[in-house]
Amino acid sequence: MEIFDNLLMGLSIAITPMNLLYLLLGAAIGMMIGAIPGFGPSAGIAILLPVTFSMDPISAVMMLAAIYYGAMYGGTITAILLNTPGDSTTVASTFDGFPLAKQGRAGPALVMQACASFTGGTIGVILITLLAPMFAMVTRSFGPPEFFLLCLLGILTLVALMSGNWILGLVSALIGFALGTVGVDLETGHQRFTFGSSELIGGIHFIPVAIGLFGIGELFHAFYSGAHKSGTGGIVQYQNEERFWPTRKDFRESKFTMPRNAILGFCIGLIPGAGATIASLMAYSLEKSLSNTPKKFGQGEMRGLTAPESANNAASSGAMVPLLTLGIPGSASTAVLLAAFIMWGLRPGPLLMAENPEFAWGLISSMYLGNMALLVISIFAIPLFVYIIKAPYRILAPLVLVVCVMGTFSVNASVIEVFIMLGAGVIGFLMKRFGFSPAAVVLALVLGPMAEESLRQTLIISRGSFDIFFLRSSSLYIMVFFVAVILSGILLNAYRKKANIQGAPL
Amino acid sequence: MRLFFYLFILVVAVCYTYMAFVDLTFFTNRGRMGPGFFPRILGVAIVLAMLLTILLDIKKGTLFSGAQDSQYQDAAVLIGLSLTFGVLLMVLGYIIAIPAYIGATLFYFNRGKHVTNAAVTVAVPVVIHFLFGGLLNASLPHGLWW
């Protein structure tokens with residue numbers, strides 16, 4: 001009953017004309033970003049973060065969250081019409097989405113993916129509503145030792161679940177931690193690695209690094225891989241099809257597919273680092289194994305499209321649970337969201353729901369509204385997104401770079417930060433090129449200072465002894481959970497290798 | 001290219017570690033974690049991990065792959081133009097730097113589409129001015145001489 005009251009309170013906060021406007025704007029921008037191949041939600045949120053500075057914190061976070069889950073909807077449009085996934089999370093949607101489009105069923109495929117995304121997203125938010133308060137209750141007794149372990153857990157699980165070279169993932173995380181040590185040491189007042197620069201006394205700001213690594217690095221990498229040369233000649237002209245809407249048979253076939261894969265996706269999303277890509281691929285495999293006609297999969301089977309779509313949207317909701325209740329981001333996108341929360345003075349964690357219920361429940365309630373808005377937008381604004389897909393990358397790229405530069409400058413009116421962003425862009429490009437993990441850098445940059453502060457407090461409490469981590473039951477539980485996550489990471493990597501699929505570009 | 005990037009990270013990590021050992025103390029006078037506690041551990045860990053990476057790549061024979069990669073050309077041009085844009089922004093301000101950057105980028109990558117290029121070159125600074133300067137009331141870089 002308390003959950004219901006909190007949800008109503010959240011809705012009363014979320015439903016204001018300005019909040020709804022920002023929510024719709026975020027959902028539409030998220031879809032557009034998702035529809036541009038190569039740009040994921042993390043790049044979208046990072047690029048638009050500075051634009052939200054003049055807003056009220058709740059409106060801003062609602063808008064950024066809408067960009068996050070809106071991008072999940074948008075990525076499938078290119079997967080269906082162009083056989084090019086907008087992001088790694090929609091790779092599985094190309095397996096049956098594009099064959100459906102080639103059969104002259106692009107319209108029904110686009111509508112069904114919107115319905116599956118809506119089902120996955122909404123079931124995901126219902127599960128957040130039910131589980132987040134319970135998680136928060138359990139974690140309320142956590143102290144500095146547990147927070148230190150959680151910070152390590154967030155980073156190391158990401159590294160453990162990396163599909164490529166885990167040593168490079170570890171180096172990436174260490175670089176992020178090292179960047180987090182720049183600035184004044186809060187306990188002793190000693191300047192660290194500032195080289196006498198007043199701009200570095202406060203440390204390296206998260207925003208230029210995140211925009212550089214995700215936004216600019218992605219642009220440079222797209223030019224390296226030749227995305228600016230390819231046209232959109234292969235796009236399916238769905239406007240000429242006889243039937244735009246799906247048949248009753250399409251809905252009947254997918255009536256159990258969508259909810260069961262939403263639950264699967266949500267559970268995968270709860271594991272830090274696992275993410276929506278793994279969820280969508282596992283959902284595809286699950287649906288194929290349950291089907292009486294598995295041979296139809298890969299040749300235009302509607303369930304082969306709705307299963308991954310439902311799962312990846314639910315997974316993006318699942319990833320919000322550790323973010324909101326533990327303050328631990330499990331993916332690049334939620335790391336950028338965490339930075340946004342911190343920027344507005346909100347520290348996600350066990351106490352968020354108790355200390356800032358308006359914010360927490362306002363955000364959760366807005367996700368119900370956002371999913372409804374996205375269902376409508378993703379069906380009726382398809383022609384607009386097709387128009388965006390047709391815009392050549394070589395024209396979009398300089399425009400995105402200008403927005404990134406102006407956005408970064410507008411935060412602190414600092415030209416140094418513009419150069420930090422451009423430098424991070426070059427580093428991000430090379431990191432992506434050689435198998436490092438820009439996401440681990442960003443996560444560690446956010447979590448590093450928190451980890452250092454927590455460890456300091458822990459050692460003060462324990463008078464310098466590390467035994468405290470083994471004497472507190474909650475610390476022990478976290479360490480057991482940590483081992484379980486590492487083991488699940490090993491199993492997931494084995495699954496990836498068995499299925500011969502690329503992992504999420506974490 | 002891979003070798004250069006690895007060496008770049010290694011050199012920066014060595015410098016970071018050196019500074020952490022020379023300038024920062026491991027413990028404070030009261031025996032608590034000093035400013036160098038984390039940096040020393042991190043620095044040593046990065047150096048060791050990079051050395052291990054380089055050794056493993058030498059063993060696999062992948063360290064020198066991609067050195068002659070011609071795909072870098074377009075990315076390098078975009079990086080060069082973008083860094084020049086940063087300098088122009090600082091010196092001349094956004095009114096000149098944005099159209100100069102967009103014009104040059106489109107001239108190189110979108111050859112022959114003069115009307116489209118001209119329209120985008122003119123429209124973007126106007127939209128940026130109204131979006132950031134007007135709607136969001138954000139500060140814009142005006143350069144050194146304006």
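In chain B of this predicted model, 48% of the contacts with a separation of 6 or more join residues that sit 24 or more positions apart. Keep that in mind as you look at how the chain is built. Chain B has five helices and zero strands, so if you read along its sequence you simply get α-α-α-α-α. Its radius of gyration is 23 Å, well over the 15 Å that the globule rule gives for 146 residues, and so chain B is more spread out than a compact globule. You can picture this as a box of roughly 65 × 45 × 25 Å along the principal axes, filled by the C-alpha atoms of chain B. Of the 146 residues in chain B, 26% are buried.

How is chain B divided? There is a domain 1, covering 2-60, and a domain 2, covering 72-135. Taken over C-alpha atoms, the centres of these two domains of chain B are separated by 39 Å.

Now bring in the partner. Where chains A and B touch, 47 residues of chain A and 49 residues of chain B take part. On the chain A side, the elements that give two or more residues are α7 (166-180), α8 (206-224), α18 (393-412), α19 (415-433) and α20 (438-461). The largest share there comes from α18(A), with 11 residues. What kinds of residue make up this side of chain A? They divide into 34 nonpolar, eight polar and five charged.

Next, the inside. The largest nonpolar core has 203 residues, and the members that touch the most others are L64(A), A210(A) and V442(A). Helix α5 (residues 91-139) of chain A gives the largest share of this core, 20 residues. Chain B joins in too: domain 1 (2-60) and domain 2 (72-135) of chain B both give residues to the core, so it lies between them. As background, nonpolar side chains tend to be buried together in soluble globular proteins.

Pick L64(A) and see what surrounds it. Setting aside residues up to four places away in sequence, L64(A) touches G26(A), I45(A), L49(A), T52(A), L337(A) and A340(A). Two of those names, L337(A) and A340(A), turn up again among the buried residues of α14(A), so that helix is a good next stop.

Helix α14 (residues 332-343) of chain A has 12 residues, which should span 16 Å at 1.5 Å a residue; its end C-alpha atoms are 17 Å apart, which agrees. The helix is mostly covered, with 10 of its 12 residues buried. Among them are A332(A), S333(A), T334(A) and F341(A). What does the covering? The elements over the buried residues of α14(A) include α3 (41-48), α4 (57-81), α8, α13 (320-326) and α20 of chain A. After the helix comes G345(A), which has a positive phi, near 80°.

Compare that with another helix of chain A. Helix α12 (residues 302-318) has 17 residues and reaches 24 Å from its first C-alpha to its last, close to the 24 Å expected at 1.5 Å a residue. Here 17 of the 17 residues are buried, so α12(A) is largely enclosed by the rest of the structure.

Not every spot is like that, and a loop shows it nicely. F193(A) is found in the loop between β2 (191-192) and α8 of chain A, and F195(A) is found in the loop between β2 and α8 as well. F193(A) has a phi near 55°, a positive value in a residue other than glycine. F195(A) also has a positive phi, of about 55°, although it is not a glycine. Which of the two words, buried or exposed, fits F193(A)? F193(A) counts as buried, because it has 20 C-beta neighbours inside 10 Å. F195(A), in contrast, has 8 such neighbours inside 10 Å and so counts as exposed.

Finally, go back to the start of chain A. I13(A) sits in helix α1 (residues 2-14). With 18 other C-beta atoms within 10 Å, I13(A) is partly exposed, because that label goes to residues between the cut-offs of 12 or fewer for exposed and 20 or more for buried. Leaving aside neighbours within four places in sequence, I13(A) is in contact with I58(A), E358(A) and G362(A). I13(A) and L363(A) are 350 residues apart in sequence, while their C-alpha atoms are 9.0 Å apart in space.

Methods:
Residues numbered from 1 in each chain as written. Chains lettered and ligands numbered in written order. Predicted model: local features only at pLDDT ≥ 70, side-chain atom pairs only at ≥ 80, totals over all residues. Contact = placed C-beta atoms within 7 Å. Helix = DSSP H or I, 4+ residues; strand = E, 2+ residues; numbered from the N terminus. Nonpolar A, V, L, I, M, F, W, Y, C, P; charged D, E, K, R; others polar. Domains from an automatic or database assignment. Expected span 1.5 Å × (residues − 1). Rg over C-alpha atoms; globule rule 2.2 N^0.38 Å. Core = buried A, V, L, I, M, F, W, Y, C linked by C-beta atoms within 7 Å.
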